[in-house]
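Here are a few exercises to try with the model on your screen. Have a go at each task before you read its solution.

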Amino acid sequence: MQERADIVYGGYQHVSLVVQCVALAAVIAFLLAVLVTRVPALEGLANAVSAIGLTLPSFALLGFLLPLLGIGPGPAVAAVTFYAVLPILRNAVVALQGVDRTLLESARGMGMGAVATLLRVQLPLAWPVILAGIRTSTQMSMGVAAIAAVVLGPGLGGYIFSGLEQIGNANALYSALVGTIGVVLLALVLDALLLLLGRLTTSKGIRA
Amino acid sequence: MTDQPISGVDLELVDVTKSYPGQERPAVDGLTLHVPAGEIVMFIGPSGCGKTTSLKMINRLIEPTSGTITIGGDDVRKQKVDELRRHIGYVIQGGSLFPHMTVAQNIALVPKLLKWDDKRVEARVDELLDLVNLDPGRYRDRYPRELSGGQQQRVGVARGLASDPPVVLMDEPFGAVDPITRSRLQDELMSIQSELRKTIVCVTHDIDEAVKLGDRICILQEGAQVAQYDTPEHVLAAPANRFVEDFVGAGSGLKQLTLTRVDDIELRSWPTASVGEPVAEVLARAGQAGESSVIVLDQRRRPRAWCWVRDLEGQDRVPPPAGDEVLGVDRRATLNDALDDMLSSSYGAAVVTGRRDEFLGVVDFASVTRHIQETAQQVEASAGSGPDGTERT
């Protein structure tokens, strides 16, 4: 019984880590994307970072963060957020740039300020594509969060690692399976929830 | 024009220049122009002549390099830019509606920016939808993609008028719709304008549209040099130079037809029938008028269909018309449009509608030819006297 409660708690922590990191990443990515779309010189840089960033092995990044942030949730949050930003950033840049210029000019021409135009016209129109980035990012982050167990981060990753370390032991396979299947199931549930969120937050006027 | 009070104000451009760095010649070079309150001025010229740049300098979407623009005597540069724009209507091609907002939300944008209370905004939205001939109950909560191009453009016009601005800027407002819808929208705009009398500056590349809508036409050459700024009659009758002549193009005699409005000639009455009315009464009325057809009106007195008397015989009540088309041409339509409508109808007459599409009467070939003859005689009589001094009626 205790074991089951531990697994549930681990799953909860895993999801909680991912959700919070992705939320943080979404805000960071949106702000960066706004900056990038305002300063065209930054676009190349942003693309390069999001492309190169994804090739960085997460093990390496965690190892790099270890001396800076110690072990525990700190480096786990930093690593998951770092990876989570990348797909959202890329989508957000494309989505914000994809909003029809004439609509933005028309908003300004009607007397909407820069912030109002961004939040009331550009963001809602870019939202479906940004949300698609958030979904990709969430899936990826579920996996990255599992690897964060290497720095003793919270979540289900611990089951996978302890299973792999004890290969040959009676419970080794069982432990690794619990971790893996748990991560996959939770990822599916999260994705469904995001899909629902998309339905609820996308205007009927632009829903596909 | 009409005796409606003018709600527009004077618009003045004095020596306005816009140069872009790296370009040898300014896009707009010392444009000076006075737009009298309550008039429509059409900016027209070849592409790249600076007409849109000039328009956008009025609401400061483009900041002039030098020169002064005043609206009702107030320098636009002395005002906060967002505040200024909320009091200038802005209508652009295709309506440019925000696709994620409903029709009502689109129209309500500027009133809400001006912090009107909800009740007032709601009433205003319905009033405007009514003004542009869209049934508020039916269209208020629709999204732009659920509307036709013409309907979207109507909402665009309604949105531009939402805060009741004295000055309205239009950038090729009807460029994105088919010719028939365009003509209908132009008529509606004229109808609305005769009610509101705003100061309107409208950019177009279509000389026919300029002649039809404009109280004055401002023909621009490269660098927004004014080639001629005058009433459509004078531009057509006495082009200032070769450039204007070329621009106005051939067939200026026929274009004069587009200068006469349907309400300049006398309308004939025609027997009508209301939907659901007993057929016997209708037949009696048609018999009395000696006509073999009647015009079916709906509850809002909008003409919906022609109906032969023989098709009504044997029925009890007048059946509702199929579809939701409103028939005929607006009273502000040109004779050209009316003739077109007559030619395509098998009833030999065009139905004329007034405010909110209400039925007014009909015009037929006889009355149009009579009017053309009279005009020709007048022109002959006044030949020799200069083009000056004749005000547009």
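**Exercise 1.** Which residue in strand 16 of chain B does B:Ala349 stand opposite?

*Solution.* Start with the ground rules: this is a predicted model, where local features need pLDDT of at least 70, side-chain atom pairs count only at pLDDT 80 or more, and totals for chains, interfaces and linings use all residues. Residues are numbered from 1 along each chain as its sequence is written, chains are lettered from A and ligands numbered from 1 in the order in which they are written, and side-chain values use heavy atoms, with hydrogens and water left out.

Step 1: find B:Ala349; its partner across in strand 16 is B:Asp364. (Strands are DSSP runs of E, at least two residues; helices are runs of H or I, at least four; both are numbered from the N terminus.)

Step 2: look at the pairing. Strands 15 and 16 of chain B run antiparallel, joined by five bridges (pairing takes at least two DSSP bridges).

Step 3: check the turn. Five residues sit between the strands of this hairpin, and B:Arg356 has a positive phi near 50° there.

**Exercise 2.** Is strand 16 of chain B largely enclosed or open?

*Solution.* Count the buried residues (under 20% relative accessible area, 1.4 Å probe, protein chains only). In strand 16 of chain B, residues 359-364, five of the six are buried, so the rest of the structure largely encloses this strand.

**Exercise 3.** Which helix of chain B gives the most to the lining of the second largest pocket?

*Solution.* Helix 7 of chain B does, with six residues. By kind, the lining has ten nonpolar, nine polar and 17 charged residues.

Note on methods:
Ala, Val, Leu, Ile, Met, Phe, Trp, Tyr, Cys and Pro count as nonpolar, Asp, Glu, Lys and Arg as charged, and the others, Gly among them, as polar. Buried means under 20% relative accessible area, exposed over 50%, partly exposed in between (1.4 Å probe, protein chains only).
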